Amino acid sequence: MTETGRTTGAEGRSPAVLPATPPPARRPLRGVGRVQRHLVDPLVRRLLRTPGHRLISRWVVLLAVTGRRSGATVLVPAQYAQDGQNLTLVSRRSRVWWRNLEGGAPLRLTLRGVERTGRADVSRDPERVRAALLAVGRTVGRDEPLMPVREAVAVTVRLDPLDPVPPPASGAKRRRKRTESPLTRQRKAPRAGDGARP
């Protein structure tokens with residue numbers, strides 16, 4: 001032991017200088033995710049199911065995802081980009097809901113106030129994820145990816161065709177009633193000679 005307290009080698013030489021310990025990696029802000037899940041998402045879910053959906057439904061769709069193990073349905077608001085019958089969405093890998101769609105899965109969704117069905121698939125391919133991030137970002141005026149590619153997954157939804165809407169039966173009954181009511185009254189109207197004595 002030297003006077004400075006530094007340990008010397010077998011022949012009195014100073015040991016090699018060890019590299020500095022790297023700083024710990026920064027963890028994502030968990031508080032932001034909690035605020036989104038417990039405050040923002042419930043408000044968005046409620047708004048998307050009301051006539052006020054027009055305020056945000058151009059950019060946000062409401063997904064009804066069924067858990068493969070639990071069977072429970074989770075309502076997930078997500079930003080999207082639409083190209084015909086295809087929707088492109090993105091999610092952080094730290095989220096869980098998209099794992100129920102891997103390998104392809106049917107789902108229900110509310111798109112601009114209309115209940116739709118479709119089939120979703122998930123991709124972790126960096127090129128597809130980057131393309132999805134750019135497509136969704138352009139809907140809100142951004143030219144850069146919304147998040148790092150390594151932290152995201154791409155979700156593609158193929159919409160099912162809309163079912164034709166049958167004509168309302170109640171309206172047909174009302175129209176028929178209005179048409180028949182004058183004739184019915186005319187038939188029920190007493191004739192001039194009815195009830196008169198001969």
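Start by selecting Leu-89 in this predicted model and showing what surrounds it. Leaving aside residues up to four places away in sequence, Leu-89 touches Val-61, Leu-63, Ala-78, Gln-79, Tyr-80, Ala-132, Val-136, Val-153, Ala-154, Val-155 and Val-157. Keep that group on screen for a moment, since several of its members come back later in the tour.

Now look at the nonpolar cores. The largest one has 21 residues, and Leu-89 is among those with the most contacts inside it, along with Leu-63, Val-155 and Val-157. Where does this core get its residues? Strand 1, strand 2, strand 3, strand 4, strand 5 and strand 6 each put in at least two. There's also a second, separate core of ten residues; pick out Ala-81, Val-90, Leu-133 and Ala-135 to see some of it.

Next, select residues 60–66, which make up strand 1. Is this strand mostly enclosed or open? Six of its seven residues are buried, so the rest of the structure largely encloses it. Add residues 73–83 and you have strand 2, which runs antiparallel to strand 1 and is joined to it by seven bridges. To find one of the pairings, click Val-61: its bridge partner in strand 2 is Ala-78. The two strands form a hairpin with six residues between them, and in that turn Gly-71 has a positive phi of about 75°.

Strand 1 has another neighbor to show. Select residues 105–111 for strand 4, also antiparallel to strand 1, with three bridges joining the two. Here the pair to click is Ala-64 and Arg-108, its bridge partner in strand 4. While you're looking at strands, remember that in a regular strand the side chains alternate between the two faces of the sheet.

Time for helix 2, residues 126–138. How far apart are its end C-alpha atoms? They are 18 Å apart, which agrees with the 18 Å that 13 residues should span at 1.5 Å a residue. Color Val-129, Ala-132, Leu-133, Ala-135, Val-136 and Gly-137, the buried residues of this helix. They pack against strand 2, strand 3, strand 5 and strand 6. As a rule, an α-helix has 3.6 residues a turn, so residues three or four places apart point the same way.

Which charged pairs are worth a click? A search of the whole structure turns up two salt bridges. One is between Glu-151 and Arg-92, with the closest N and O atoms 3.1 Å apart. Glu-151 sits in the loop between helix 2 and strand 6, while Arg-92 belongs to strand 3, so the pair links distant parts of the chain, 59 residues apart. Glu-151 is partly exposed at 32% relative accessible area, and Arg-92 is partly exposed too, at 38%.

For the other, select Arg-124 and Glu-102, whose closest N and O atoms are 2.9 Å apart. Arg-124 lies in the loop between strand 5 and helix 2, and Glu-102 in the loop between strand 3 and strand 4, 22 residues apart. Arg-124 counts as partly exposed at 37%, as does Glu-102 at 29%.

Finally, zoom out to the whole protein. You should be able to count three helices and six strands, following the pattern α-β-β-β-β-β-α-β-α along the sequence. Of its 198 residues, 26% count as buried. Switch on the surface to finish: the protein exposes about 15,200 Å², and carbon and sulfur atoms supply 53% of that.

Key:
Residues numbered from 1 in each chain as written. Predicted model: local features only at pLDDT ≥ 70, side-chain atom pairs only at ≥ 80, totals over all residues. Heavy atoms only, no water. Buried < 20%, exposed > 50% of the residue type's maximum accessible area, 1.4 Å probe, protein only. Helix = DSSP H or I, 4+ residues; strand = E, 2+ residues; numbered from the N terminus. Pairing = 2+ DSSP bridges. Salt bridge = Lys/Arg side-chain N within 4 Å of Asp/Glu carboxyl O. Core = buried A, V, L, I, M, F, W, Y, C linked by side-chain atoms within 4.5 Å. Contact = heavy atoms within 4.5 Å. Expected span 1.5 Å × (residues − 1). Areas by Shrake-Rupley, 256 points an atom, 1.4 Å probe, with all protein chains shown as cover.
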